[in-house]
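Colleague: I've got the model open and a list of labels I'd like justified. Can you take me through them?

Modeller: Sure, fire away.

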Amino acid sequence: MSTATSVDTAKATVEAALDALLAANDPKKMDNVAFRGARYDHGLAWVHFPEGCGGLGVRPDLNRLVEERLRKAGAAPQDPATFFIALAGPTIATHGSEEVKKRWPAFETGKFYPPKAIEDPAFADDPYDQLSALFDPLSGFMDDPMLAAHNLAHAAKQHGAEFLFHKEVSEITRDGDVVSGVVLKTGERFEAPIVINAAGPHAAAINRMAGVYDEMKVHHRPLRQEVFSPPAPKGFRLEDNAPVVADLDLGQYFRPHMGDLLNVGTTEPACDPLHFLDDADNWNDSVSVEFFERVMLRLARRLPDFGIPHKLLGIGALYDVTDDWIPLYDKSSLPGFFMACGTSGNQFKNAPLVGKFMRTLIEAQEQGIDHDVTPVEVMGEFTGMPINLSAFSRLRTQADTAGNVMG
Ligand SMILES: Cc1cc2nc3c(=O)[nH]c(=O)nc-3n(C[C@H](O)[C@H](O)[C@H](O)COP(=O)(O)OP(=O)(O)OC[C@H]3O[C@@H](n4cnc5c(N)ncnc54)[C@H](O)[C@@H]3O)c2cc1C
């Protein structure tokens with residue numbers, strides 16, 4: 001009884017805020033950005049955020065009510081190409097540098113922008129001005145991707161999935177104009193009405209194998225990257241509750257890691273060369289002194305107590321990067337052949353949601369819906385926000401993104 005009352009109260013709060021928003025702002029007559037700003041001011045950006053930070057402090061499923069009412073009132077649908085960030089600006093709690101300094105004293109909070117090559121004499125310039133920062137209090141990170149992948153595989157097995165490890169697909173077969181299965185390098189054949197290409201950095205080769213690569217408007221290819229795990233300075237360890245930091249000012253990202261370490265990677269600033277590959281089977285997986293020095297020296301600018309470690313600890317690895325750094329979750333020109341690839345270095349955390357995307361795309365095909373013509377949507381279970389999957393179409397016009405691992 002008490003739950004029902006509190007749900008009703010929360011719903012009434014959201015409805016009152018919607019009434020007030022729409023009474024003062026007509027989405028049909030005003031600029032979309034201004035309307036989104038008003039939406040934030042009324043606590044209707046993400047209703048589960050705190051009051052004063054774009055929310056009303058109520059249950060997240062009520063976002064669905066907001067979406068439905070605002071769409072009916074004529075508000076522009078969210079631009080599918082920016083679904084990760086469309087509401088991020090107005091919904092992230094903003095903290096100026098004083099707040100950042102207080103929370104994490106290990107930070108140098110001056111500006112270094114734009115990112116520079118370490119050989120550039122200006123790299124040594126003093127920081128100027130003061131940064132402002134955006135802090136998302138609802139985000140977090142997972143520290144053991146291997147365990148998480150293992151858990152996902154275990155859950156899939158419980159639902160009937162079977163895994164074949166150390167087997168290589170060498171052919172995608174067709175029956176007339178539709179996909180019919182795969183052939184392994186060993187010669188084993190598997191008949192299947194649905195084949196999904198989730199081959200990571202090898203996915204472009206598999207799309208070529210299936211004969212669907214050339215029809216794509218957004219392409220993808222392997223990019224070699226290096227990520228390092230140096231010792232974390234005092235004040236920026238897991239026990240300090242240190243956050244993930246996207247430091248576009250210096251062109252890096254970093255976060256605390258188990259064992260008093262950091263994980264540090266780059267955000268592909270314009271001054272750094274990018275190492276795209278043609279062949280995901282032919283590359284060097286050891287870390288380089290050149291990359292290491294660049295990343296460590298930049299990090300030392302943001303965390304002055306960091307010091308420069310002498311031991312290279314890190315990995316060389318491959319991203320599967322699309323032209324616009326947005327993934328490809330889509331059907332293809334070959335009926336039954338789907339793709340979940342082009343993850344551009346950042347989609348591990350979305351894996352469960354991607355499963356729902358792919359299921360929705362496959363079910364649409366089974367119902368005779370052509371997603372290329374009538375794009376399908378997935379409703380965010382927790383946010384109540386619709387996600388239009390045309391954002392991940394292979395036929396999309398390239399999205400206007402930061403062009404780096406942050407998407
Ligand atoms: C250094 C690094 C850091 C990253 N950091 C993050 C992060 O912080 N957060 C985040 O969300 N994401 C991160 N990512 C991205 C994330 O790892 C990928 O998005 C994710 O692993 C993609 O999963 P996947 O299953 O699609 O592909 P993968 O994990 O690449 O798996 C593809 C699988 O396909 C197999 N395969 C390939 N070709 C064939 C074939 N012919 N036959 C049979 N099997 C084949 C491969 O062996 C592999 O097992 C990072 C990636 C890298 C490289």
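Colleague: What makes up the shell around the ligand by class?

Modeller: There are 11 nonpolar, seven polar and two charged residues in that shell. Bear in mind that this is a predicted model. The shell has 20 residues, and the closest are Gly200, His202, Ala317, Thr343 and Phe348. Gly counts as polar in this scheme, so Gly200, one of those closest residues, goes in the polar class. Phe counts as nonpolar, so Phe348 goes in the nonpolar class.

Colleague: What earns a residue a place in that shell?

Modeller: Its C-beta atom has to lie within 6 Å of the ligand.

Colleague: Which strands supply at least two residues of the shell each?

Modeller: Strand 7 (220-228) and strand 12 (314-322) do. The largest share, three residues, comes from strand 12.

Colleague: And which domains does the shell draw on?

Modeller: Domain 2 (94-135 + 221-322) and domain 3 (145-219 + 325-392) each give at least three residues. The protein is also assigned a domain 1, covering 2-76. The centres of domain 1 and domain 2 are 37 Å apart, taken over C-alpha atoms.

Colleague: Let's turn to single residues. Why is Glu268 called buried?

Modeller: Glu268 has 22 C-beta neighbours inside 10 Å, and the cut-off for buried is 20 or more, so the label fits. Glu268 sits in the loop between strand 10 and strand 11 (275-276).

Colleague: Why is Asp260 called partly exposed, then?

Modeller: Asp260 has 14 other C-beta atoms within 10 Å. Exposed would need 12 or fewer and buried 20 or more, so Asp260 falls in between. Its place is the loop between strand 9 (252-257) and strand 10 (261-266).

Colleague: What is unusual about the phi of Asp260?

Modeller: The phi of Asp260 is near 55°, a positive value in a residue other than glycine. Most residues other than glycine have a negative phi. Glu268 also has a positive phi, of about 50°, although it is not a glycine. Gly74, which follows helix 3, has a positive phi too, near 100°, but that one is a glycine.

Colleague: How do you know that the bond between Tyr113 and Pro114 is cis?

Modeller: By omega, which is about 0° for the peptide bond joining Tyr113 and Pro114. Most peptide bonds are trans. Pro114 is in the loop between helix 5 (97-103) and strand 2 (133-135).

Colleague: What puts the buried residues of helix 3 on the same side?

Modeller: The buried residues of helix 3 (residues 63-72) are Asn63, Val66 and Glu67. They cover an arc of only 100° around the axis, so they share one side of helix 3.

Colleague: Where is Leu152, and why is it called partly exposed?

Modeller: Leu152 is in helix 6 (residues 145-158). It has 14 other C-beta atoms within 10 Å, which is between the limits of 12 and 20, so partly exposed is the right label.

Colleague: Last one: how do you know that the overall size agrees with a compact globule?

Modeller: For 407 residues, a compact globule would have a radius of gyration near 22 Å; the protein has 24 Å, so the two agree. The C-alpha trace spans about 65 × 60 × 40 Å along its principal axes. Buried residues make up 30% of the 407.

Notes: Residues are numbered from 1 along each chain as its sequence is written. This is a predicted model: local features need pLDDT of at least 70, side-chain atom pairs count only at pLDDT 80 or more; totals for chains, interfaces and linings use all residues. The radius of gyration is taken over C-alpha atoms; the globule rule is 2.2 Å times the number of residues to the power 0.38. Helices (H or I, at least four residues) and strands (E, at least two) are DSSP runs, numbered from the N terminus. The arc is that of the directions from the helix axis to the C-beta atoms. Domain bounds come from an automatic or database domain assignment.
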